[in-house]
Amino acid sequence: RPADMALAKRITLRASDLSAGWTRQGPSTQPEELPRCPGADLDFSRFTITGKAGSHFTRGTSVVESFVEVFESRADATGDYRKSTQPKLLACLGPELRRQARMSGIDMRLESARFAGRRPVGDRAFEYRIVMSVATGTRRTRIYVDLIGFQRGRTLVGTYFSGTLPVPGRLAVARSIAGRAR
């Protein structure tokens, strides 16, 4: 729906949500793909998405991205949130990143992937942290990836923060985005 597409675009991460020095980049060109996750129910077809948008910012080696989905109803958003936060699915995030990196020819090792807790953002939210290392010449470089996912009303938002150090201010960024969600 055009109105929900416009709403999704208004909700996405903005430069004003971040500290100085971040640069907007074009949206990801990778096609959406569900993770390979044995034993997890990945059928989300009963939930109707009526608007989608994303944004992407970089600063040095750090990246912050947001992905917004507006649903036909609050019930659809709640159902999708509950289904997408099932433990079996969250446990697949780290291995899925490793699989995708290897498909791209990147030597990546998964060091840890864990649920980091519920967060006070929107109606319901969580944080998940993945720590990996990639080969850089003769040594390995550690990469931190934090996902804060939340629902507010009929909107779901995934915010991804990655870098060679944890990106500071993650919760404040997620709360700023949540303030625009409906």
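The following questions and answers introduce a predicted model, beginning with its strands and moving on to its salt bridges and buried residues.

Me: In which sense do strand S1 and strand S2 pair, and over how many bridges?
Reply: Strand S1 covers residues 23-25, and strand S2 covers residues 49-59. The two strands pair in the antiparallel sense, and the number of bridges is three.

Me: Which residue of S3 stands opposite His56?
Reply: S2 is joined to strand S3, residues 62-71, by ten bridges, and these strands run antiparallel. On the S1 side, His56 of S2 has Gln25 opposite. In S3, the residue opposite His56 is Glu65.

Me: Which residue in the hairpin of S2 and S3 takes a positive phi?
Reply: The hairpin has two residues between the strands. A phi near 60° is found there, and the residue that takes this positive value is Gly60.

Me: Where is Val64, and is this residue buried or exposed?
Reply: Val64 has its place in strand S3. Its contacts beyond four places in sequence include Leu13, Trp22, His56, Tyr160 and Val167. The relative accessible area of Val64 is 1%, and buried means under 20%, so Val64 is buried.

Me: What distance separates the C-alpha atoms of Val64 and Arg182?
Reply: Along the chain, Val64 and Arg182 are 118 residues apart. In space, their C-alpha atoms are separated by 22 Å.

Me: How many salt bridges does the structure hold?
Reply: Side chains of opposite charge can pair when their charged atoms come close. One of these pairs is formed by Asp123 and Arg74, which meet at 3.0 Å, N to O. The number of salt bridges that the structure holds is 13.

Me: How many residues apart are Asp123 and Arg74, which meet in a salt bridge?
Reply: The side chains of Asp123 and Arg74 meet in a salt bridge. Asp123 is in the loop between strand S4 (108-118) and strand S5 (124-136), whereas Arg74 is in helix H2 (residues 74-84). The pair thus links distant parts of the chain, with a separation of 49 residues.

Me: Are Asp123 and Arg74 buried, partly exposed or exposed?
Reply: The relative accessibility of Asp123 is 39%, and that of Arg74 is 49%. Because partly exposed lies between 20% and 50%, Asp123 and Arg74 count as partly exposed.

Me: Which parts of the structure are tied together by the pair of Glu111 and Arg142?
Reply: Glu111 forms a salt bridge with Arg142, and their closest N and O atoms are 2.7 Å apart. Glu111 lies in one strand and Arg142 in another, so the pair ties together parts that are 31 residues apart in sequence. These parts are strand S4 and strand S6 (residues 139-152).

Me: Are Asp146 and Arg170 buried or exposed?
Reply: Asp146 forms a salt bridge with Arg170, the closest N and O atoms being 3.7 Å apart. Asp146 lies in strand S6 and Arg170 in helix H5 (residues 170-178), so the pair ties together parts 24 residues apart in sequence. Both Asp146 and Arg170 are buried.

Me: Which residues are linked with Asp146 in a network of salt bridges?
Reply: Glu127 lies in strand S5, and its side chain makes a polar contact of 2.9 Å with the side chain of Arg119. At 7% relative accessibility, Glu127 counts as buried. The residues linked with Asp146 in the network are Arg119, Glu127, Arg129 and Arg170.

Me: How far apart in space are Leu147 and Ser162?
Reply: Leu147 is in strand S6 and counts as buried at 8% relative accessibility. Among the residues that Leu147 touches beyond four places in sequence are Leu93, Glu127 and Tyr160. Leu147 and Ser162 are 15 residues apart in sequence, and their distance in space, C-alpha to C-alpha, is 8.8 Å.

Me: Which residues of helix H4 are buried?
Reply: Helix H4 covers residues 93-103 and is followed by Gly105, whose positive phi is near 85°. What covers the buried residues of H4 includes S4 and S5. Those buried residues are Gly94, Glu96, Arg99 and Ala101.

Terms used. Residues are numbered from 1 along each chain as its sequence is written. This is a predicted model: local features need pLDDT of at least 70, side-chain atom pairs count only at pLDDT 80 or more; totals for chains, interfaces and linings use all residues. Side-chain values use heavy atoms; hydrogens and water are left out. Two strands pair if DSSP finds at least two bridges between them. Helices (H or I, at least four residues) and strands (E, at least two) are DSSP runs, numbered from the N terminus. A salt bridge is a side-chain nitrogen of Lys or Arg within 4 Å of a carboxyl oxygen of Asp or Glu. Buried means under 20% relative accessible area, exposed over 50%, partly exposed in between (1.4 Å probe, protein chains only). A polar contact is a pair of N or O atoms within 3.5 Å; within protein, one must be able to donate a hydrogen and the other to accept it, and residues adjacent in sequence count only if both atoms are side-chain atoms. Contact means heavy atoms within 4.5 Å.
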